[in-house]
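My notebook is open and I have a new structure to look through. I'll jot down each thing as I look it up.

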Amino acid sequence: MSAENILEKNTFISVSITNDKEMKKLNKKYMGRDYPTDVLSFEIKEKQENGSFYLGDIVVNKDQAKRQAGKYGNDFEEEISELVAHGVLHLLGVHHPENGE
């Protein structure tokens, strides 16, 4: 299903904000990486009984956001919003090149 088709429907996502400890657990469990990361996205892509479309889940690491905000010229809130946007792009099928992030 294309992003255009998804966005024509009543589409929703879940956004959770967590810390280094919890993000490290999620990153290890789902990605096989034993360290915290800034954002993870989990595609669900399910039509719900009420006709809406559940695109997926985004988990943002507030600790990493605090550390990297200055590096990108953002304040904390801007960095959180950038990470959520990054996660949405992943849910819509935009991914990093194979050669790294």
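Which elements do the buried residues of α4 pack against? I found β1 (11-18), β2, β3 and α3 (62-69). I count a residue as buried under 20% relative accessible area, as exposed over 50% and as partly exposed in between, with a 1.4 Å probe and protein chains only. Packing here rests on contacts, meaning heavy atoms within 4.5 Å.

**Ground rules.** I am working with a predicted model, where local features need pLDDT of at least 70 and side-chain atom pairs count only at pLDDT 80 or more, while totals for chains, interfaces and linings use all residues. Residues are numbered from 1 along each chain as its sequence is written, and side-chain values use heavy atoms, leaving out hydrogens and water.

**Overall layout.** I noted 4 helices and 3 strands. These are DSSP runs numbered from the N terminus: H or I over at least four residues for helices, E over at least two for strands. Along the sequence the pattern reads α-β-α-β-β-α-α. The protein has 101 residues, and 29% of them are buried. I also looked at contacts with a separation of 6 or more: 53% of them come from residues 24 or more positions apart. The exposed area is about 6800 Å², with carbon and sulfur atoms supplying 48% of it. That area comes from the Shrake-Rupley method with a 1.4 Å probe, and for residues only the protein chains shown count as cover.

**Helix α4.** I went back to α4, which covers residues 76-91. Its buried residues are E79, I80, L83, V84, G87, H90 and L91. They sit on the same side of α4, because they cover an arc of only 140° around the axis. The arc is taken from the directions from the helix axis to the C-beta atoms. I checked the length too: at 1.5 Å a residue, the 16 residues should span 22 Å, and the end C-alpha atoms are 23 Å apart, which agrees. The expected span is 1.5 Å times one less than the number of residues. At the start of α4, a side-chain oxygen of D75 comes within 3.2 Å of the backbone nitrogen of E77. After the helix comes G93, with a positive phi near 100°.

**Helix α3.** I did the same for α3, where Q64, A65, Q68 and A69 are buried. Seen down the axis of α3, they fall within an arc of 130°, so they line one face of the helix. Their cover includes α2, β3 and α4. At the start of α3, a side-chain oxygen of N61 reaches to within 2.9 Å of the backbone nitrogen of D63.

Is Q64 buried or exposed? Q64 counts as buried, at 19% relative accessibility. Its side chain makes a polar contact of 2.9 Å with that of Q68. A polar contact is a pair of N or O atoms within 3.5 Å; within protein, one must be able to donate a hydrogen and the other to accept it, and residues adjacent in sequence count only if both atoms are side-chain atoms. Setting aside neighbours within four places in sequence, I see Q64 in contact with D20, T37 and D38.

**Strands.** Which strands pair with β3? β2 (residues 39-47) pairs with β3 (residues 53-61) in the antiparallel sense over 7 bridges, and β1 pairs with β3 in the parallel sense over 8 bridges. Two strands pair if DSSP finds at least two bridges between them. Between β2 and β3, E46 stands opposite Y54, and S41 has I58 as its bridge partner. T11 stands opposite F53 in β3. I marked β3 as largely enclosed by the rest of the structure, because 8 of its 9 residues are buried. The hairpin of β2 and β3 has 5 residues between the strands, and G51 there takes a positive phi near 95°.

**Two odds and ends.** K45 caught my eye: this residue of strand β2 has a positive phi of about 50° although it is not a glycine. Most residues other than glycine have a negative phi. K45 is partly exposed, with a relative accessible area of 34%.

Last, I looked up M31 in helix α2 (residues 20-31). M31 is partly exposed at 42% relative accessible area. Leaving aside neighbours within four places in sequence, M31 is in contact with L26 and L40.
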